[in-house]
Amino acid sequence: MTKFPTDPAENLAALIKCASVTPNNDGALQTLGDMLKPLGFACENVIFTQDGTPDIENLYARRSGNGPHLMFAGHTDVVPVGDEAAWTHPPFSAVVEDGVMYGRGAVDMKGGIACFVAALARVLADGPINGNISLLITGDEEGPAVNGSVKLLDWAASKGEKWDACILGEPTNPNEIGDMVKIGRRGSLSGTITVKGVQGHVAYPHLADNPVRGLVSLCDALMDPALDEGSQEFQATNLEVTTFDTGNTAVNVIASSASASFNVRFNDHWSDETLKAEILTRLQTAANGKKLRASKDEPVAFSVTWKEPVSQVFLTRDDALIGTLSRSIENVVGKTPRLSTSGGTSDARFIKDYCSVVEFGLVGKTMHMVDERVALEDLETLTNVYEHFIRNWFDNTHQ
């Protein structure tokens, strides 16, 4: 008799033991497929390619039925382990000590996948699901995210797939299971400013144009004043200059050019087009007010290149999805989760173009850290929440 994967700790241990550091799969998707096939899922492993990026393997698993279609989304790829010698236990060994499992991906986010599979197995052990359910799992979330969810969604949709709602299993909780459900995300826009100057000897600055002076003024104009003070649903828009480079290797040479990169996390006060316009206006105003050389009455000459694609701001307003998940959390852990749009980007930015999406998973305190780990108790709690959600979402959607 085939054993159903009802134990989230066993599921997670099997996934952690696959050293699936982006872009390598190392058997993680095959391991997941082996868990799902006994549950009646048809599994397709799809590889996407693009010049200049690594080939990525992804998994789309579907269990068909009559009724609405629920998607669970996630990723089996993980970030590098860093200094392996600094880990208490080998990062791909899934060692359990004092009720805690150690391993890269334990919370981000193999743990969420392991819990959802266990929840599915428990539900299906009681009978069929009254609808369709699919898992959309990428191996490219922690990498460039070019050959992952964005292409897998398009591939599935081109085959006729339609979804009514999605739960993304990212580690959303700050301290305890049930703290937070993500119902949206700020957008993300990146660019690079380049200022041209004239190379010269630092002892003869009148013969050169130092581009650093102008670039500093331009960067300051982007960061002050603040772009806004936030909105009802979102944190304030935030711009940070993240790199500053002249490409100069000598301390006695004035560089011929200087560049700075920046990233903006923007709320619903902005679209990418209005934000780009504001940034260009600020840069031009600062450039006109700052002269590059004392001997020349000229503004700072600059250019801006934008990094594409832009992640758009979004907010989910699906009462059935959010309400069912919130009630499931309340019933299992006895607390009402906070609905939040905080944090960085996730693959929800792609999913929202196809169906309503919320994010809920494990506690994220140790994600990307040495000794990433999860309490076995948390795995069981999240599994119970997912199980409650699966049962009730299909019932509520059929009403």
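Reader: Let's start at the helices in this predicted model. Which residues of α1 and α2 meet?

Author: On the α1 side, the contact is made by Asn11, Ala14 and Leu15. Their counterparts in α2 are Ala28, Thr31, Leu32 and Met35.

Reader: And how do α1 and α2 run, roughly parallel or roughly antiparallel?

Author: Helix α1 covers residues 8–16 and α2 covers residues 28–36, with the axes 9 Å apart. Their crossing is right-handed, and the packing angle is about 155 degrees. Angles over 145 degrees count as roughly antiparallel, so α1 and α2 are roughly antiparallel.

Reader: What about α1 and α3, how would you class that angle?

Author: Here the axes come within 8 Å and cross at roughly 140 degrees, again with a right-handed crossing. The α1 residues in the contact are Pro8, Asn11, Leu12, Leu15 and Ile16, and those of α3 include Ile113, Ala114, Val117 and Arg122. The roughly antiparallel class needs an angle over 145 degrees, so the pair α1 and α3 is oblique.

Reader: Moving on to the open sheet of four strands: what is its order?

Author: Work in from the edges, β12 (238–245) and β15 (302–311), which each pair on one side only. β14 pairs with β12 over seven bridges and with β10 over 10 bridges, antiparallel in both cases. That gives the order β12-β14-β10-β15.

Reader: Which residues stand opposite each other across β14's two pairings?

Author: On the β10 side, isoleucine 193 stands opposite alanine 260. Towards β12, threonine 243 has a bridge partner in β14, namely serine 261.

Reader: How many residues of β14 are buried?

Author: Strand β14 spans residues 257–266 and is mostly covered. One of its residues is phenylalanine 262, which has 2% relative accessibility and counts as buried. The number of buried residues in β14 is seven of 10.

Reader: Which helix packs on that sheet?

Author: The helix spans residues 272–289 and touches β10, β12, β14 and β15. Its direction makes about 165 degrees with that of β15. The helix is α6.

Reader: Let's do the aromatics. Phenylalanine 72 and phenylalanine 116: what kind of pair is this?

Author: Phenylalanine 72 sits in strand β3 and phenylalanine 116 in helix α3, 44 residues apart. Both are buried. Their centres are 4.1 Å apart and the planes make 15 degrees, which is under the 30 degrees cut-off, so the pair is stacked.

Reader: Then how do phenylalanine 262 and tryptophan 306 pair?

Author: The two rings lie in β14 and β15, so their pair ties together parts 44 residues apart in sequence. The centres are 6.1 Å apart, with 90 degrees between the planes. An angle over 60 degrees has its own class, and the pair is edge-to-face.

Reader: Is tryptophan 306 buried, partly exposed or exposed?

Author: Its relative accessible area is 24%. Buried would need a value under 20%, and exposed one over 50%. Tryptophan 306 is therefore partly exposed.

Reader: Last one: which residues form the aromatic cluster?

Author: The model has eight aromatic pairs by count. As for the cluster, its members are Tyr60, Trp155, Trp163 and Tyr354.

Key:
Residues numbered from 1 in each chain as written. Predicted model: local features only at pLDDT ≥ 70, side-chain atom pairs only at ≥ 80, totals over all residues. Heavy atoms only, no water. Pairing = 2+ DSSP bridges. Contact = heavy atoms within 4.5 Å. Axes fitted to C-alpha atoms, helices over the stretch in contact; angles between N-to-C directions. Phe/Tyr/Trp six-rings, centres within 6.5 Å; stacked < 30°, edge-to-face > 60°. Buried < 20%, exposed > 50% of the residue type's maximum accessible area, 1.4 Å probe, protein only. Parallel < 35°, antiparallel > 145°, perpendicular 65-115°, else oblique. Left-handed = near helix turned anticlockwise from the far one by under 90°.
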